[in-house]
Amino acid sequence: MIKGRTPNNLYIFEEGQQQCYLSKDDEHWLWHWRLGHLSFSQIRKACKYQEIRGLPDIKIPDNTICKSCQFGKQTKTNFPEKEGSASRPLELVHVDVCGPFRTRSPRGEKYFILFIDDFSRMFG
Amino acid sequence: MKHKDEAFEEFKSFKALAKNESGHKIKCLRSDRGVEFTSNEFFDFCEEHGIRREFSTARTPQQNGVVERMNRTVQQMARAMLDESGTAATFWGEAAFAAVVILNKTNVLVNSTQTTHELWYGETPSIKHFKIFGSKCYIKNNDEQLGKLEPRADEGILLGYSPHSKAYKCYNKRLGRIVDSIDVVVDEK
């Protein structure tokens, strides 16, 4: 951060004033990295109980997405709740093919297909 | 470990260390049914020291959940640290060890207000010395024969914290090996 005067819309910096400050915003990332990409919820927990010497009080940043955390720890998202179902027969039909079975049927078949009506759960 | 059968020796040293540090004795050892845990010498040793054995059912890692879950946490942290720093994958061991050090000092268990470190040692941990894994660092060259005009430092990579000394563990690029040193300047940029 540099302070300067602005006569004529020109920033004038006095010599010997330039210094590099670590902004408050960077501190939480610094500790996130130092603590081996520990999740911010865990860092907050550690701050809350003040049980660790040398750890400053860290706020959770607005954007907590960290590239390396995704590469190292990403998991599948939770499967969403069902949003609603059909209100009439045959409005929605579920289908899947099952097989191949190792043993063929007497007619030489290896697969079966299943249709399920969402409303009545009638299947065939 | 190079081979799984070294697990027995590792257990013996862990047992001795744990007993000395905590003043308690291991009462029960829960593991899966890996061959490294079911050898005769392992059974004999545990019988001799009165340690009860508990095994998960075959192919049922759920019953060994505590250690399996921590395995995952450690691996995730090690992967994230290796990725962020671009450190070579051969240093996975150092990354995993650094992850264990960090987790022991910062992990606050559910239903507890204390870190793992404090529950074990009875004092609050200090993390003032923590630096970013894989940072570029400069290691002071302490060679007594060093010439007047030779450089005073070697370039290296920070690989965590020495388990034996109050020092950083670094890979010295000039020597091509891992060294412990306290005279380290770390560039966390």
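This dialogue goes through a predicted model, from the contact between its chains to one residue and then to domains.

User: How many residues does each chain bring to the contact between chain A and chain B?

Analyst: In general, the size of an interface is often given as the accessible area lost when the parts come together. A count of residues is another way to describe a contact. Here chain A brings 20 residues and chain B brings 26.

User: Which helices of chain B supply at least two residues each to the side that touches chain A?

Analyst: Two helices of chain B do so: H3, spanning 65-85, and H4, spanning 92-106. The most comes from H3(B), which gives seven residues. By kind, the side of chain B that touches chain A holds 12 nonpolar, seven polar and seven charged residues.

User: Is Thr113(B) buried or exposed?

Analyst: The idea is to count the other C-beta atoms around a residue; with 12 or fewer within 10 Å, a residue is called exposed. Thr113(B) has 12 and is therefore exposed. Thr113(B) sits in the loop between H4 and helix H5 (116-121) of chain B.

User: Which residues is Thr113(B) in contact with, leaving aside its neighbours within four places in sequence?

Analyst: The partners of Thr113(B) are Tyr49(A) and Glu51(A) in chain A, and Val108(B) in chain B. As for Val179(B), 66 residues away along the chain, its C-alpha atom is 36 Å from that of Thr113(B).

User: What does the domain assignment give for chain A?

Analyst: Chain A is assigned domain 1, residues 27-73, and domain 2, residues 85-124. The centres of these two domains, taken over C-alpha atoms, are separated by 49 Å.

Definitions and conventions
Residues are numbered from 1 along each chain as its sequence is written. Chains are lettered from A and ligands numbered from 1 in the order in which they are written. This is a predicted model: local features need pLDDT of at least 70, side-chain atom pairs count only at pLDDT 80 or more; totals for chains, interfaces and linings use all residues. Two residues are in contact if their C-beta atoms, placed from the backbone, lie within 7 Å. Helices (H or I, at least four residues) and strands (E, at least two) are DSSP runs, numbered from the N terminus. Ala, Val, Leu, Ile, Met, Phe, Trp, Tyr, Cys and Pro count as nonpolar, Asp, Glu, Lys and Arg as charged, and the others, Gly among them, as polar. A residue is buried if 20 or more other C-beta atoms lie within 10 Å of its own, exposed if 12 or fewer, and partly exposed in between; C-beta atoms are placed from the backbone. Domain bounds come from an automatic or database domain assignment.
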